[in-house]
Amino acid sequence: MTWRADVLTLFPEMFPGPLGLSLAGRAHGEGVWSLAAHDIRAHATDRHRSVDDTPFGGGAGMVLRADVLDAALTAVDDGRPAILLSPRGVALTQARVRDLAAGPGVVLVCGRYEGVDQRVIEARGLEEVSIGDFVLSGGEPAALVLLDACVRLLPGVMGTAASAEEESFSAGLLEYPHYTRPAMWAGRAVPEVLLSGHHAAIAAWRRAEAERITRERRPDLWARRHAAGAVASTVPAP
Ligand code: 9WO
């Protein structure tokens, strides 16, 4: 069964964008997943084909109209999760990505202007999802990010390397550093242990590095990992 994504946007030309290339693009061609981008403006009803209007209560900018977006949703809604990409959404996690990839697909709504009329968010039960604490000019790049994260997990898209990597992230650690040839470059040597052929020592080094990097860069992940009862660190805290 094909994993299906419908994207509602005022800029349908932004899709599939980068998802038409590389492994995701090949899997798209093979029917593993499908993407249809729909122009929200096609559901405008007045002679100016307007999709936005001024905010009640005043203020800068324009708001995406509830009636127009509602009609656009009716055209694609079949019970799949319907998600609005928004900086005030719940943070996207690998766990949520895994659930979405395991389902039939998604309907993604990309806002523009200053935002979307709150009533259509509530009436359609749109789930608001954020990909990070920053503001974009529209939800489209965030939709591409969410789709990339889901598609790479679909069976047959990436093979076994991806699932192994994903497990390591799900274990709550950031990745250890990688090196390849040449062994000496610009006066910089590869860590000795990686050339040793000593597999247990290599695994221990990678584990310690992953833990150090996680502690240093993501104290939030590190704390959650311990709260979840993960194994004790192999390295003393600084
Ligand atoms: C913008 C905004 C700013 C402060 C507080 C709440 C907010 N909501 C929105 C919003 O929904 N904006 C719409 C979509 C219209 C303007 C551009 N949009 C948007 C989505 N900008 N940034 C995102 C986004 C989506 C997911 N993850 C991070 C950012």
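This briefing describes a pocket and the strands of a sheet that helps to line it. The structure is a predicted model, and the two topics meet at strand E5, which gives the second largest pocket the largest share of its lining and also takes a place in an open sheet of 5 strands.

**The sheet**

- The open sheet runs in the order E2-E1-E6-E5-E8, and the pairing of its strands is parallel.
- Strand E2 (33–39) and E8 stand at the edges, and because each has a single partner strand, one side of each is left without a neighbour in the sheet.
- From one strand to the next, the twist averages 35 degrees.
- Within this order, E5 pairs with strand E6 (residues 105–110) in the parallel sense, and the pairing extends over 4 bridges.
- Leu85 has Cys110 of E6 as its bridge partner.

**The second largest pocket**

- The volume of the second largest pocket is about 450 Å³, and its lining is made up of 25 residues.
- Nearest the centre of this pocket lie Leu85, Ser86, Pro87, Glu114 and Gly115, so that Leu85, which is bridged to Cys110, appears in both topics.**Composition of the lining**

- At least two lining residues are supplied by each of strand E5 (82–91), strand E7 (115–116), helix H4 (118–123) and strand E8 (127–130).
- The contribution of E5 amounts to 5 residues, the largest share of the lining, while E8, which also supplies lining residues, is an edge strand of the sheet.
- Sorted by class, the lining of the second largest pocket comprises 12 nonpolar, 9 polar and 4 charged residues.

Technical notes. Residues are numbered from 1 along each chain as its sequence is written. This is a predicted model: local features need pLDDT of at least 70, side-chain atom pairs count only at pLDDT 80 or more; totals for chains, interfaces and linings use all residues. Side-chain values use heavy atoms; hydrogens and water are left out. On a 1 Å grid over the protein atoms alone, a cavity is a set of points where a 1.4 Å probe fits but cannot get out, and a pocket is an open set with protein on both sides within 12 Å along at least five of seven lines; lining residues have an atom within 4 Å of a point. Grid points are joined across faces, edges and corners, and a volume is the space filled by probe spheres set on the points. Ala, Val, Leu, Ile, Met, Phe, Trp, Tyr, Cys and Pro count as nonpolar, Asp, Glu, Lys and Arg as charged, and the others, Gly among them, as polar. Two strands pair if DSSP finds at least two bridges between them. Axes are lines fitted to C-alpha atoms, for helices over the stretch in contact, and angles run from 0 to 180 degrees between N-to-C directions.
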